[in-house]
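Me: I would like a close look at a single part of this protein, namely one loop, and then an account of how the rest of the chain is arranged around that starting point. Please take it slowly and keep the residues tied to the elements that hold them.

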Amino acid sequence: MSTIEYDEDIWRVLGVGANRDGQTLLHLASTTRGRQQKNGWYPIQICSWIDNDLIETVVNQRNSK
């Protein structure tokens, strides 16, 4: 899983953390939002608990291609 659609944006998965109560903690970087700095483009980043059902759907879609 390299990208996931969440919160009306497409995010690149940077890290996978703990799994609790049917959710997994993901560290995400936006593919569309960020800021230009002197030394390049820096995407906004979030850590969020994502439902395992959503993660499983994304993984299954990638595997079916």
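Reply: The loop in question is the one between β1 (3-6) and β2, and D7 lies in it. The model is a predicted one, and what follows should be read with that in mind. E8 has its place in the loop between β1 and β2 as well. For D7 the phi angle is near 55°, a positive value in a residue other than glycine, and for E8 phi is near 60°, again positive in a residue that is not glycine. Most residues other than glycine have a negative phi, which is the background against which these two angles should be read. As for exposure, D7 counts as exposed because its relative accessibility of 54% lies over the 50% cut-off, and E8 is likewise exposed, with a relative accessible area of 82%.

Turning from the loop to its surroundings, the protein has 1 helix and 4 strands, which follow one another along the sequence in the pattern β-β-β-β-α. Its C-alpha atoms fill a box of roughly 40 × 30 × 20 Å along the principal axes, and 20% of its 65 residues count as buried. Among the contacts with a separation of 6 or more, 36% are accounted for by residues 24 or more positions apart.

The largest nonpolar core is made up of 8 residues, I4, W11, V13, L26, L28, I50, I55 and V58. The elements that give two or more residues to this core are β2 (9-20), β3 (23-37) and α1. One of the core residues, W11, touches S2, T3, I4, Y6, L28, A29, S30, T31, R33, I44 and I46 when residues up to four places away in sequence are not counted.

Y6 appears again in the surroundings of S48, a residue of strand β4 (residues 40-51), since the side chains of S48 and Y6 are joined by a polar contact of 2.9 Å. Leaving aside neighbours within four places in sequence, S48 is in contact with Y6, T24, L25 and L26. S48 is buried, because its relative accessible area of 12% is under 20%.

Strand β4 also holds D51, which is partly exposed, with a relative accessible area of 42%. D51 touches G22 and Q23, again not counting residues up to four places away in sequence. D51 and D21 are 30 residues apart along the sequence, and their C-alpha atoms are 8.9 Å apart in space.

In helix α1 (residues 52-64) one finds N60, which is partly exposed at a relative accessible area of 44%. The C-alpha atoms of N60 and V16 are separated by 17 Å, the two residues being 44 positions apart along the chain.

Finally, on the surface as a whole, the accessible area of the protein comes to about 4,800 Å², of which 46% belongs to carbon and sulfur atoms. The protein has 7 positive and 8 negative charges, and the mean positions of these two sets are 15 Å apart. To return to the loop with which this account began, D7 and E8 are exposed residues, whereas S48 in strand β4 is buried.

Conventions
Residues numbered from 1 in each chain as written. Predicted model: local features only at pLDDT ≥ 70, side-chain atom pairs only at ≥ 80, totals over all residues. Heavy atoms only, no water. Buried < 20%, exposed > 50% of the residue type's maximum accessible area, 1.4 Å probe, protein only. Polar contact = N/O pair within 3.5 Å; in protein donor to acceptor, adjacent residues only side chain to side chain. Contact = heavy atoms within 4.5 Å. Areas by Shrake-Rupley, 256 points an atom, 1.4 Å probe, with all protein chains shown as cover. Lys, Arg positive; Asp, Glu negative; His and termini not counted. Charge placed at Lys NZ, Arg CZ, Asp CG, Glu CD. Core = buried A, V, L, I, M, F, W, Y, C linked by side-chain atoms within 4.5 Å.
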